[in-house]
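Hello,

Here is the structure I promised to pass on to you. Have a look at it first, and then read my notes below.

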Amino acid sequence: MAVRRALVLGGGGLAGIAWETGVLAGLASGGADVRGANLVIGTSAGSTVGAWLGSGLPVEELYRRLVAAPLPGADLKPAASLTDLVDMFFSLAEVADGDTDWRRRVGAAALAAETVPEAARRAAVAARLPVHRWPENELAIVAVDAATGEERVFRRDSGVGLVDAVTASCAIPLLWPPVTIGASRYVDGGIRSVANADLAEGCDRVLILAPVSDGKVTGQAETLSAGARVHVIEPDAGSHAAIGTDVGDPATRLPAATAGHAQGAAAAATVAALWQKP
């Protein structure tokens with residue numbers, strides 16, 4: 001039976017995009033190119049990186065482009081701060097009746113918030129993607145229905161364009177507008193889980209990149225480990241310093257990418273053993 005490999009790319013704002021791209025390029029430089037994953041799961045920042053990997057461009061070229069210039073749309077100002085977001089998360093957690101109700105309340109707050117126009121945000125995300133077609137390898141992009149609090153996993157056969165799926169997965173509540181797809185509106189998939197690694201169930205090898213943690217990554221990795229070989233890469237001390245405390249700050253792009261590259265190169269032998277051995 002063929003070994004099925006999954007690459008999980010978690011959320012983490014602009015810093016997360018930069019760090020994950022750096023890690024992947026660092027891994028490739030050390031002989032652990034993981035672009036051939038059978039399944040890529042992208043959440044928020046990770047959905048952007050997942051779409052990049054599916055573009056057909058070498059990961060070294062993606063890294064070169066990232067460090068050479070700011071991301072398109074990085075000058076589009078969010079409507080609120082991450083502090084506002086965290087405060088809302090905690091306040092709603094005090095009154096919510098379970099996870100789904102909490103996500104529904106977060107979605108309601110997102111729908112009521114005044115943000116930049118939805119079209120402007122979509123254009124910014126579209127400008128970041130080298131191609132707008134779904135890749136041949138399976139890419140799963142996670143978002144949350146703002147009205148119901150239920151997750152929605154977009155794939156090539158979902159009938160939803162790649163740009164819309166990525167924009168939905170990156171629609172951080174309060175900061176960016178919910179994304180309209182059909183009759184529904186969607187917010188950031190990170191409110192379900194920052195990495196959604198549990199969606200890799202059934203795979204034999206799982207590599208998880210988690211720029212930030214919501215406390216669920218470790219538990220999801222441990223559960224997956226019951227049936228798979230799993231490796232988690234989270235920021236080391238150098239990467240933590242480079243990412244800083246504001247993952248949405250465009251100034252984190254270069255230091256986070258550089259630190260991620262170094263961390264990826266250092267982890268290449270371990271990841272190659274995970275990825276390549278039967």
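**The loop around N196**

N196 sits in the loop between β6 and β7 (205-209). Please keep in mind that this is a predicted model. N196 is buried, and its relative accessible area is 0%. Its side chain has two backbone oxygens to look at: the side chain of N196 reaches the one of S193 at 2.9 Å, and the backbone oxygen of G189 lies 3.4 Å from a polar atom of the N196 side chain. Leaving aside residues up to four places away in sequence, N196 touches I41, T43, V142, G189 and Q220.

**The annotated active site**

Which residues does the "active site" annotation cover? According to UniProt, in an unreviewed entry, they are S44 and D188. These two span 145 residues in sequence, yet their C-alpha atoms are no more than 6.0 Å apart, so they gather at one spot.

You will find S44 in the loop between β2 (39-43) and α2 (45-53), while D188 belongs to strand β6, residues 184-188. Are they buried or exposed? S44 is buried, at 7% relative accessible area, and D188 counts as buried too, with 5% relative accessibility; the cut-off for buried is under 20%.

The side chains of D188 and S44 make a polar contact with each other, at 2.7 Å. Not counting residues up to four places away in sequence, S44 also touches G11, S169 and C170. With those sequence neighbours again left out, the residues that D188 touches include V144, A168, S169, C170, A171, I172 and P173. S169 and C170 therefore appear among the contacts of both S44 and D188.

**Cysteines**

C170, just mentioned, is buried, with a relative accessible area of 7%. C203 is buried as well, at 4% relative accessibility. A disulfide is a covalent bond between the sulfur atoms of two cysteines. How many disulfides are there in this model? The count comes to zero, taking a disulfide as a pair of cysteine sulfur atoms within 2.5 Å.

**Helix α1**

Finally, do take a look at helix α1, which covers residues 13-29 and has 17 residues. From its first C-alpha to its last, α1 reaches 24 Å, close to the 24 Å expected at 1.5 Å a residue. Of the 17 residues of α1, 16 are buried, so the helix is largely enclosed by the rest of the structure. Just after α1 comes G31, which takes a positive phi of about 90°.

Happy browsing, and best wishes!

Technical notes
Residues are numbered from 1 along each chain as its sequence is written. This is a predicted model: local features need pLDDT of at least 70, side-chain atom pairs count only at pLDDT 80 or more; totals for chains, interfaces and linings use all residues. Side-chain values use heavy atoms; hydrogens and water are left out. UniProt positions are given in the numbering used here, feature names are shortened, and annotations may be inferred rather than shown by experiment. Helices (H or I, at least four residues) and strands (E, at least two) are DSSP runs, numbered from the N terminus. Buried means under 20% relative accessible area, exposed over 50%, partly exposed in between (1.4 Å probe, protein chains only). Contact means heavy atoms within 4.5 Å. A polar contact is a pair of N or O atoms within 3.5 Å; within protein, one must be able to donate a hydrogen and the other to accept it, and residues adjacent in sequence count only if both atoms are side-chain atoms. The expected span of a helix is 1.5 Å times one less than its number of residues.
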